[in-house]
Amino acid sequence: MFILGSGSPRRKELLAQIGVVPDDIRAPDIDETPEPGELPVPYCARMAREKARAVPAENSDVVLCADTTVALGRRILGKPADAGEAADFLKALSGRRHRVITAVAVYHAGRLMERDAVSVVKMKSLSAEELDAYIRTGDWQGKAGGYGIQGPAGALIPWIRGSFTGIVGLPLAETAGLLRAAGVRGMS
């Protein structure tokens with residue numbers, strides 16, 4: 001059985017793009033608080049691993065989990081708690097480059113396989129009107145860094161380097177390789 005360990009509809013949609021449909025979806029419930037001094041890439045990888053281990057599954061099942069983190073320098077910008085925090089995140093990102101890290105973990109038969117994709121994203125300088133208009137959309141909710149490139153915030157992103165699907169929440173090239181190694185076949 002192939003289990004997607006995520007409640008994210010974006011991850012399910014991305015998997016469908018490579019012809020992979022989960023047999024079940026089981027979103028893990030873990031503490032996502034960064035450790036004191038933890039850097040963004042190790043934090044993101046730890047979250048993906050912990051999620052994969054937290055999903056109830058049989059040894060023969062394949063469990064896929066991922067975590068996406070927005071990093072501004074050494075600062076981790078998680079999912080904002082409210083509109084005020086989302087606005088603070090976007091003000092910090094305005095006119096700057098930042099990294100979007102998505103770590104993927106696949107757990108199968110007692111073996112954990114993992115990969116990550118680190119992309120660089122440039123956000124345009126936001127006017128107060130643009131910021132307010134975006135916050136009013138509500139699109140920031142549940143999204144690392146307070147935005148989703150695949151929605152209205154796409155108009156705020158003039159440049160990326162790296163994996164677009166990784167920025168959305170699941171780097172497909174890396175994920176397909178891990179799933180193939182675990183015996184899950186999609187379009188390839």
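The largest nonpolar core in this predicted model takes in 44 residues, and L15 and Y147 have the most contacts inside it. Which helix gives the core its largest share? That's helix α3, residues 83-93, which puts in six residues.

Take Y147 as a way in. Leaving aside residues up to four places away in sequence, Y147 touches L90, L93, H98, V100, V121, M123, Y134, A153 and I157. Besides this core there's a second, separate one of twelve residues, with A45, A52, C65 and A105 among them.

Now follow α3 to its packing against helix α4, residues 128-137. Two packed helices are generally described by the angle between their axes and the distance between those axes. Here the angle is about 140 degrees and the axes sit 10 Å apart. Since angles over 145 degrees would count as roughly antiparallel, α3 comes out as oblique to α4. The crossing itself is right-handed. On the α3 side, the contact is made by A83, A86, A87, L90 and K91, while α4 brings L131, Y134 and I135. If L90 and Y134 look familiar, it's because Y147 touches L90 and Y134, and L90 and Y134 also take part in this helix contact.

Last, the cysteines. How many disulfides does the structure hold? Zero. C44 is in none, and its nearest cysteine sulfur, on C65, is 12 Å away. A disulfide needs the two sulfurs within 2.5 Å, so this pair doesn't qualify. Are C44 and C65 buried or exposed? C44 is buried, with a relative accessible area of 0%, and C65 is buried too, at 1%.

Methods
Residues numbered from 1 in each chain as written. Predicted model: local features only at pLDDT ≥ 70, side-chain atom pairs only at ≥ 80, totals over all residues. Heavy atoms only, no water. Core = buried A, V, L, I, M, F, W, Y, C linked by side-chain atoms within 4.5 Å. Buried < 20%, exposed > 50% of the residue type's maximum accessible area, 1.4 Å probe, protein only. Helix = DSSP H or I, 4+ residues; strand = E, 2+ residues; numbered from the N terminus. Contact = heavy atoms within 4.5 Å. Axes fitted to C-alpha atoms, helices over the stretch in contact; angles between N-to-C directions. Parallel < 35°, antiparallel > 145°, perpendicular 65-115°, else oblique. Left-handed = near helix turned anticlockwise from the far one by under 90°.
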